[in-house]
Every structure is written in structure tokens, then in C-alpha cells.
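Work through the exercises below with the sequence and the model side by side, and try each task before reading its solution.

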Amino acid sequence: MVTTSCFCLFGGILEEEALLPAPQNISILSTNMKHFLTWSPVTVPGETVRYSVEFQGEYERDYANETWIPISECSLIIVTQCNVTEDISATVAYNLRVRANLGSRGSEWSTLKVLFNRITTFLTPPMMEVSVDGYHLLVKLEDLGPAFQFHIFYWRKGRLPACPGTADHAKTVKEISSAVHLDTMEAGAEYCVKARTYVEAINRSSNFSQMQCVHGGRSIWMTTAMVSFVGFVVGVLALPFFAWKMSQIFQYSCCPVVVLPDTLVISLSSLLLLGCCIFIGRKRLSE
């Protein structure tokens, strides 16, 4: 009897020594419906510790004898986080737990201190880019996944409606494939846009994004006036050159410059010699 008791006690001591330390600081990081379970690493010098994660939903807790479901993507992993987004598929309270493994040795399970519900996820304002194509007001939004809708509000600056949610100044977008056309702009006017995300599954919206404003295109008469003005300036600057060029053309067409052959060209010395001979000849005739 004594021997059996001692053996059991000794076996219990060995089993306790074989346990790994349990992971600590279990928490959920959830942003824009992306959920990650994180924990502090368990360190064993010279060894690689692996981790396994399980979850328990409302059904498992209340109707399936508190069973736990392993997450296959997070079985015997070496990193200290697990993407549980696909497993948190309903807006109910979930529990999650993780334990460390090293060969045949394992730790106790570490469990969340507070149950997690995806309704608490942090929703960020959407990133957007507002642009103008001719007279068309366009906005491009980041794609956050099929669970997200976007509520877009827009108005002409200086004429913010008393109720920004009216149909003329709001648009809901459920699929993001390209730039969204919002409105046809008035010429020369400035338009402003802001947007927020909405998740129907949890019935929550994010804060609004930073307002972005753009100017509409110029009107036709203004464009015509600018083109006419530019044409007038170019004409005034080009007129003197045009007149000089025409005078050159007329000069060379009416009084062309003729280049004499070399045999007909009289040099200065020859001209002087010819003058002296004429002078001497006249002097002799006078004598």
C-alpha cells in the first residue's frame, strides 16, 4: 500500500515536471472584421516550441457539452498569432484557447479572460481618392472585402444640405470594382466628398473619412474666351516677325541680288589703274 502510494506520488511529480509553461497574455486583435488571436511566446532554450489553437462558439458552449473545435490552420504552428477570422463566423460570443507543444510535452490550455464578439471589431474610415473626369465627379475606394458597404456623401462646397443623407447627396456602394461616378458637376464649382464603411452583419459604421474637395471643369464660354485670348496674344507677338518676313520676300522677288561672274568683277586696284590711264590720256590730248 505504501509502495503504491509512493509510486503514484512520484509519477505525479514527473508528469508535473514534464508540463511546459502555458502561453500568457492571450488577446484578440480585431480590425475591419479581421480577427487575430495573439499570445506571448513560451521559451525553451535550444528548442522550437509549437502552438495549437481551439475555439468554442455559443452552440458548442450551450448545446454540445462545451466541446472545443481545433483550428486546423493553427495546429502545431511556430508563430504566436492565429488568424481566426473564418472561424468567428457569427455575431455571438466566442471563447478561444491556446497551448504550447514540444514533442510529447504540452502545456495547460490558456483561455481568453473575456469572451470575444466580432461586433466589437474596430472599423477604420475608408481610404478614398476623389477625382474629376471632364464634368464627372468620381471616387475610388479601397476594397475591404465582401462584408463591407460604403456610404458616400457629396455636395457642392458652400451648399451643404441640411440633411446630408438625402438621396441627391448620398450613395451606397456594395461592390468595389472601379471608380464610382457620383454626379455631373457644375462648371467651375468645387465639390467635396466624404465616406464611411458599414458592415451589415454587425450593424455598425466607421467614422467618416477626411473630406476631400475638387474643382469642376470650366464652362464652354470661359474656355472659348481663354482660347481667343491666347490666340490674340500669339497674333500680336507674331505680327512683327510676319511683317519682316514678308518684306524680305518682296525685296528678293522684286529686286533680286545678282551675283556677277568672276570675269566681270573689277577689283579696286584695276579700277584705280583704269582711272589713272584715263586721266593721263586726257592730259595729253589737252596738250
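**Exercise 1. Find the residue in strand S15 that is the bridge partner of Tyr198, and then describe how S14 and S15 are joined.**

*Solution.* Begin with the bridge itself: the partner of Tyr198 in S15 is Ser205. Next, look at the two strands, where strands are DSSP runs of E with at least two residues, helices are runs of H or I with at least four, and both are numbered from the N terminus. S14 and strand S15 (residues 204-205) run antiparallel and are joined by two bridges, and two strands count as paired if DSSP finds at least two bridges between them. Finally, examine the turn: the two strands form a hairpin with four residues between them, and Asn203 in that turn has a positive phi of about 55°.

This is a predicted model, in which local features need pLDDT of at least 70 and side-chain atom pairs count only at pLDDT 80 or more, whereas totals for chains, interfaces and linings use all residues. Residues are numbered from 1 along each chain as its sequence is written, and side-chain values use heavy atoms, with hydrogens and water left out.

**Exercise 2. Which other strands pair with S14, and over how many bridges?**

*Solution.* Take strand S11 (residues 148-156), which pairs with S14 in the antiparallel sense over nine bridges; within this pairing, His151 has Arg196 of S14 as its bridge partner. Then turn to strand S16 (residues 212-215), which is also antiparallel to S14, with four bridges, and here Cys192 is matched with Cys213 of S16. As a last step, consider how covered S14 (residues 190-199) is: seven of its ten residues are buried, where buried means under 20% relative accessible area, exposed over 50% and partly exposed in between, with a 1.4 Å probe and protein chains only.

**Exercise 3. Describe the aromatic pair of Phe55 and Tyr94, and compare its surroundings with those of Tyr59 and Tyr63.**

*Solution.* The structure holds four aromatic pairs. Rings of Phe, Tyr and Trp (its six-membered ring) pair if their centres lie within 6.5 Å, and planes under 30 degrees apart count as stacked, over 60 as edge-to-face and the rest as tilted. The rings of Phe55 and Tyr94 are 6.3 Å apart, centre to centre, with 45° between the planes, and the pair is tilted. Phe55 lies in strand S3 (residues 50-56) and Tyr94 in the loop between strand S5 (81-83) and strand S6 (95-102), so the pair ties together parts that are 39 residues apart in sequence. Phe55 and Tyr94 are both buried.

Now take Tyr59 and Tyr63, a tilted pair at 5.8 Å centre to centre, with 35° between the planes. These two tyrosines are four residues apart in helix H2 (residues 58-63), and about one helical turn separates them. Tyr59 and Tyr63 are both exposed.

**Exercise 4. Which residues touch the most other members of the largest nonpolar core?**

*Solution.* A nonpolar core is a set of buried Ala, Val, Leu, Ile, Met, Phe, Trp, Tyr and Cys residues joined through side-chain atoms within 4.5 Å. Of the 25 residues in the largest one, Leu37, Trp39, Tyr51, Val53, Ile71, Val84 and Leu96 touch the most other members. Strand S1 (24-31), strand S2 (34-40), S3 and S6 each supply at least two residues of this core, and S6 gives the most, with four residues. Apart from this core lies another, of 23 residues, among them Phe150, Val173, Ala189 and Val199.
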